[in-house]
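Below are some comments on the model you sent, set out as numbered points. Please read them with the sequence and the coordinates open beside you.

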Amino acid sequence: MILRTLLVAATLLLGLLLARRLLVSRLDALARRTTNRWDDLLVLLVRRTWTATLLLLPLWTLARGLELPEAVVQGLRVVTVATLALQLATWANLLVVQLLEARVSELRGDDPASATTLAGVALVVRGVVGLVIVLLALDNLGVNISALVAGLGIGGVAIALATQNILGDLFASLSIVLDKPFVVGDFIVVGDLMGTVERVGLKTTRLRSLSGEQLVFSNADLLGSRVRNYKRMAERRVVFTIGVTYGTTEAALERMPGMLREIVTGEDEVRFDRAHLRSFDDSAITFEVVYYVLSPDYNRFMDIQQSINFQLVRRLRAAGVDFAFPTRTVYLEGGAVAARNADAA
């Protein structure tokens, strides 16, 4: 009887191992001939089926055939529940990774906003699935889940008070994912720091600065800061000034706004706003020009401004108008000073 039971259990185990091997081989050959993601996922699920999981059925066959003591059966039940829980967690994690996170990678280049949201959803799904599997395992082991949940609720208050900074960062991460003030790939400025968003994590958000180093921000601090998102800028408003000397003739000054308008409107991707004589400063008569670059690209803006500056130099020199620079003229009244000196003598 015992020998027959052992033989049945061994045969069952070998059959399950052989079936897994043949199934993986057949499914892998099928997956290579198709571009469908589902058959690849099925191959991974079968491959990630543990030998320990397959061993459970032969073990229970032995337990029933050999009529083991109740304590041994109870121990086998605990091992079975724990193994199945871990196996289910592995499959569930694999499903989330392959379905949601693979989609995140696809969207990261074309739709960063959706990629950021989906990454947050994947994180929440993995946490919920893990919690459900743990509760199911405990329920099958005879643990009173209701009392456990109530206890977790009371203990959760104490934990929340002790870890309020961590929880603040966690909820800030969810707010960033759902509200999307920025997404992966956006160029943002926070205070005097700036960089491109690389990753929005549970506790921190990481940026890559222009100089190459990685900037790490706490999510709570980042959400409480004033964030300037340049990636979402539709157009760029540009204000610049130019100062000419006080020796410039009235006619030349009157021609300046028209000349500035002509120079700016001659550029592509530009919308002219205004050009005015703004003020009489200490060393210069100052003109102010405002225009819009119809592109958020900073390099394009600098190319346009550089071209405008070159043209300003050529046009002002051709018109005989000099750029102003900080100067001070001192007038000495020589005769009056000499007279005062004579009276004093």
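1. In helix 9 of this predicted model, the buried residues are Ala252, Leu253, Met256, Met259, Leu260, Ile263 and Val264. As a general point, an α-helix has 3.6 residues a turn, so residues three or four places apart point the same way. The cover over the buried residues of helix 9 includes strand 6 (236-244), strand 7, strand 8 and helix 10.

2. The geometry of helix 9 deserves a second look, since there is a kink of about 35 degrees at methionine 256, shortly before proline 257. Methionine 256 is also one of the buried residues of helix 9. The end-to-end length nevertheless agrees with expectation, because 16 residues at 1.5 Å a residue should span 22 Å and the end C-alpha atoms of helix 9 lie 24 Å apart.

3. Helix 9 is also tied to helix 10 through a charged pair, in which glutamate 262 forms a salt bridge with arginine 315, with 3.4 Å between the closest N and O atoms. This pair connects distant parts of the chain, as glutamate 262 belongs to helix 9 (residues 250-265) and arginine 315 to helix 10 (residues 298-318), with their positions 53 residues apart. Arginine 315 has a relative accessible area of 31%, so this residue is classed as partly exposed.

4. A further salt bridge, at 2.7 Å from N to O, brings together the side chains of arginine 274 and glutamate 288. Here too distant parts of the chain are linked, with arginine 274 in strand 7 (residues 270-280) and glutamate 288 in strand 8, 14 residues apart. How accessible are the two partners, glutamate 288 and arginine 274? Glutamate 288 has 14% relative accessibility and so counts as buried, whereas arginine 274, at 26%, counts as partly exposed.

5. Aspartate 281 and arginine 278 form a salt bridge as well, their closest N and O atoms being 3.9 Å apart, and for this pair the cut-off is relevant, because a salt bridge is counted within 4 Å. Aspartate 281 is partly exposed at 31% relative accessibility, and arginine 278 is likewise partly exposed at 44%. Through salt bridges that share partners, Arg274, Arg278, Asp281 and Glu288 are joined into one network. The structure holds nine salt bridges.

6. On confidence, the protein chain has a mean pLDDT of 78, with 71% of its residues at 70 or more. Among its elements, strand 8 (residues 285-293) has the highest mean pLDDT, 96, and helix 11 (residues 334-344) the lowest, 54.

How values were computed:
Residues numbered from 1 in each chain as written. Predicted model: local features only at pLDDT ≥ 70, side-chain atom pairs only at ≥ 80, totals over all residues. Heavy atoms only, no water. pLDDT = per-residue confidence, 0-100. Helix = DSSP H or I, 4+ residues; strand = E, 2+ residues; numbered from the N terminus. Buried < 20%, exposed > 50% of the residue type's maximum accessible area, 1.4 Å probe, protein only. Expected span 1.5 Å × (residues − 1). Bend = angle between axes of the 7 residues up to and from the residue. Contact = heavy atoms within 4.5 Å.
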